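This briefing covers salt bridges, an internal cavity and a surface patch. Please read it alongside the sequence and the coordinates shown below.

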Amino acid sequence: MYEILSSNRNEIAYTIITVIVLLIIQFILRKAAHRVGQKGEIHITRTRLMFQYINILILLIAAFLLSLAWGVGLAELSLVFSSVFAVLGVALFAIWSILSNITSGIILFFSFPYKIGDKIKIHDKDLPIEAIIEDIKAFHLHLRTLEGELITYPNNLILQKAVSLVEKDVHNDEGKETL
């Protein structure tokens, strides 16, 4: 055991330092996403979705850095990553709408001016929709029409259509008493 530790001392030290630094970066990114969520009054489920994206990013960076630390050469590592990304590229090209909706979900997290509970109108010439936002997911929005119909509307389309605010925070206004 001592021989293994002494022969791999540099790799172990680099691994420990890398893990600590990445955990600190992950903590900072999660705090930043949480602050953005609180400042923008973004629902906690959307903030948790950002936490998952941050975890995946940190995991990929960790795999890359730790592979380098343990002696995987840059040529071998680039071959593995290029092969993986080529397969992912072909797969994602085949399902580009899913990637488009995830990307749109990230954009919506940071810049969507409407919140859960807001009544919006989507100006679509073929099918205009007036509904209350029930939830904002990674791929789509849940919209509830005045007739009670639940509509799942793709995130990428909400960024392509004109949207107007009809009424702010409909659910909170219902519970308030008038004087």
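Glu 134 counts as partly exposed in this predicted model, because its relative accessibility is 33%, a value that lies between the 20% limit for buried and the 50% limit for exposed residues. The side chain of Glu 134 meets that of Arg 144 in a salt bridge, with a distance of 2.7 Å from N to O. Glu 134 belongs to strand S2 (residues 129-136) and Arg 144 to strand S3 (residues 140-145), so the pair ties together parts that are 10 residues apart in sequence.

**Salt bridges**

- The structure holds 5 salt bridges, among them the one between Glu 134 and Arg 144.
- Arg 144, the partner of Glu 134, counts as partly exposed at 28% relative accessibility.
- Asp 118 and Lys 168 meet through their side chains in a salt bridge of 3.3 Å, N to O.
- Because Asp 118 sits in the loop between H5 and strand S1 (119-123), while Lys 168 sits in the loop between strand S5 (162-167) and helix H7 (170-174), this pair ties together parts that are 50 residues apart in sequence.
- The two partners fall into separate exposure classes, since Asp 118 counts as buried at 1% relative accessibility, whereas Lys 168 counts as partly exposed at 45%.
- Lys 137 forms a salt bridge with Asp 135, and the closest N and O atoms of this pair are 3.1 Å apart.
- Here Asp 135 is buried, with a relative accessible area of 16%, whereas Lys 137 is partly exposed, with a relative accessible area of 38%.

**Internal cavity**

- A search of the whole structure finds 1 cavity of 30 Å³ or more, and about 40 Å³ of space lies in the largest cavity.
- The lining of the largest cavity consists of Arg 46, Leu 49, Met 50, Gly 105, Phe 109, Ile 136 and Lys 137.
- The elements that give two or more residues to this lining are H3 and helix H5 (96-111), and H3 gives the most, with 3 residues.
- By residue class, the lining of the largest cavity divides into 4 nonpolar, 1 polar and 2 charged residues.
- Lys 137 therefore appears in two of the topics of this briefing, as one of the residues that line the largest cavity and as the salt-bridge partner of Asp 135, while counting as partly exposed because its relative accessible area is 38%.

**Nonpolar surface patch and helix H2**

- Ile 17, Val 21, Ile 25, Leu 29, Leu 57 and Ile 61 make a nonpolar surface patch of about 460 Å².
- The elements that give two or more residues to the nonpolar patch are helix H2 (9-39) and helix H3 (44-69), and H2 gives the most, with 4 residues.
- Val 21, one of the patch residues, is found in helix H2 and is partly exposed, with a relative accessible area of 41%, which means that Val 21 is above the 30% relative accessible area that patch residues must exceed.
- Ile 24 also lies in helix H2 and is partly exposed, with a relative accessible area of 46%.
- Between the C-alpha atoms of Ile 24 and Lys 115 there is a separation of 30 Å, and these two residues are 91 residues apart along the chain.

Notes: Residues are numbered from 1 along each chain as its sequence is written. This is a predicted model: local features need pLDDT of at least 70, side-chain atom pairs count only at pLDDT 80 or more; totals for chains, interfaces and linings use all residues. Side-chain values use heavy atoms; hydrogens and water are left out. Patches are made of residues with over 30% relative accessible area and no salt bridge: like charges are joined within 9 Å, nonpolar side chains (Val, Leu, Ile, Met, Phe, Trp, Tyr) within 5 Å. Accessible areas come from the Shrake-Rupley method with a 1.4 Å probe; for residues, only the protein chains shown count as cover. A salt bridge is a side-chain nitrogen of Lys or Arg within 4 Å of a carboxyl oxygen of Asp or Glu. Buried means under 20% relative accessible area, exposed over 50%, partly exposed in between (1.4 Å probe, protein chains only). On a 1 Å grid over the protein atoms alone, a cavity is a set of points where a 1.4 Å probe fits but cannot get out, and a pocket is an open set with protein on both sides within 12 Å along at least five of seven lines; lining residues have an atom within 4 Å of a point. Grid points are joined across faces, edges and corners, and a volume is the space filled by probe spheres set on the points. Ala, Val, Leu, Ile, Met, Phe, Trp, Tyr, Cys and Pro count as nonpolar, Asp, Glu, Lys and Arg as charged, and the others, Gly among them, as polar.
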